[in-house]
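Hi everyone, thanks for making time. I'd like to walk you through one chain today, so have a look at the screen.

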Amino acid sequence: MRYLLPVFISLLALVTGCKKTDTTPQDLAKPVVGLYRMAEVTPAGSQTAITVANGSVLMVREGESLTTILFTLTYATVGTSGSSTFSETQKITLQPSGSAIALLSGSTQVGSWFNNTLTMKAYPFNNSTVSFTAAKQ
């Protein structure tokens with residue numbers, strides 16, 4: 001009988017000492033979704049940015065996914081020969097990257113999000129790549 005009390009106290013300490021781990025996945029899409037505006041785009045192979053009209057990025061959650069968004073880039077260029085409008089939607093995967101969120105096209109990182117600013121580097125668009133920075137509205 002005197003051995004039961006120490007065994008009971010040991011079991012009680014063991015059970016109460018266990019910590020439950022949080023298995024709730026992080027919702028990376030929540031802070032990212034929204035409308036972003038930009039004023040210029042740098043095409044692949046160029047060192048000079050092109051001023052664009054109505055430059056926007058619309059990011060919406062894909063279904064109920066916590067880590068996938070639909071990324072729609074739209075902008076117009078105006079030149080002496082007229083204007084051209086470009087628009088394309090792609091599926092982008094989100095991954096945590098320190099205090100930022102990395103944006104991936106397939107397995108390639110094409111941009112990042114931090115503090116309501118979107119920075120894209122070599123984003124695949126319209127059979128080429130573009131780079132730009134956009135601010136959330």
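I'll start with the overall layout, then go through the strand pairing, the core and a couple of spots on the surface.

First, keep in mind that this is a predicted model. The chain has two helices and eight strands, and if you read from the N terminus, the order is α-α-β-β-β-β-β-β-β-β. Of the 137 residues, 28% are buried. The accessible surface adds up to about 8900 Å², and carbon and sulfur atoms hold 56% of that. As for contacts with a separation of 6 or more, 41% of them link residues 24 or more positions apart.

Okay, strands. Let's look at β8, residues 128-136, which pairs antiparallel with β1 over four bridges. One place to see that pairing is Arg37, whose bridge partner in β8 is Ala135. β8 also pairs with β7, residues 117-125, again antiparallel, this time over seven bridges. Here Thr119 has Thr133 as its bridge partner. β7 and β8 make a hairpin with two residues between them, and if you check the turn, Asn126 has a positive phi of about 55 degrees.

Now the inside. Which residues have the most contacts within the largest nonpolar core? That core has 26 residues, and the answer is Phe71, Leu73, Leu118 and Phe132. In general, nonpolar side chains in soluble globular proteins tend to be buried together. Let me zoom in on Leu118. Setting aside neighbours within four places in sequence, Leu118 touches a whole list of residues, including Tyr36, Val57, Met59, Phe71, Leu103 and Phe132. Ser112, Thr133 and Ala134 are also among the contacts of Leu118.

Moving outwards, there's a nonpolar patch on the surface, about 200 Å², made by Leu35, Leu58 and Val60. Leu35 sits in β1, residues 34-43. Its relative accessible area is 31%, so Leu35 counts as partly exposed.

Last stop is Thr85, in strand β4, which covers residues 82-97. Is Thr85 buried or exposed? Exposed, because its relative accessibility is 61% and the cut-off for that class is over 50%. Beyond residues up to four places away in sequence, Thr85 touches Tyr75 and Ala76. Thr85 and Tyr75 are 10 residues apart in sequence, with their C-alpha atoms 5.8 Å apart in space.

That's my tour, happy to go back to any of those views.

Terms used. Residues numbered from 1 in each chain as written. Predicted model: local features only at pLDDT ≥ 70, side-chain atom pairs only at ≥ 80, totals over all residues. Heavy atoms only, no water. Buried < 20%, exposed > 50% of the residue type's maximum accessible area, 1.4 Å probe, protein only. Contact = heavy atoms within 4.5 Å. Core = buried A, V, L, I, M, F, W, Y, C linked by side-chain atoms within 4.5 Å. Patch = residues over 30% accessible without salt bridge, like charges linked within 9 Å, V, L, I, M, F, W, Y side chains within 5 Å. Areas by Shrake-Rupley, 256 points an atom, 1.4 Å probe, with all protein chains shown as cover. Salt bridge = Lys/Arg side-chain N within 4 Å of Asp/Glu carboxyl O. Pairing = 2+ DSSP bridges.
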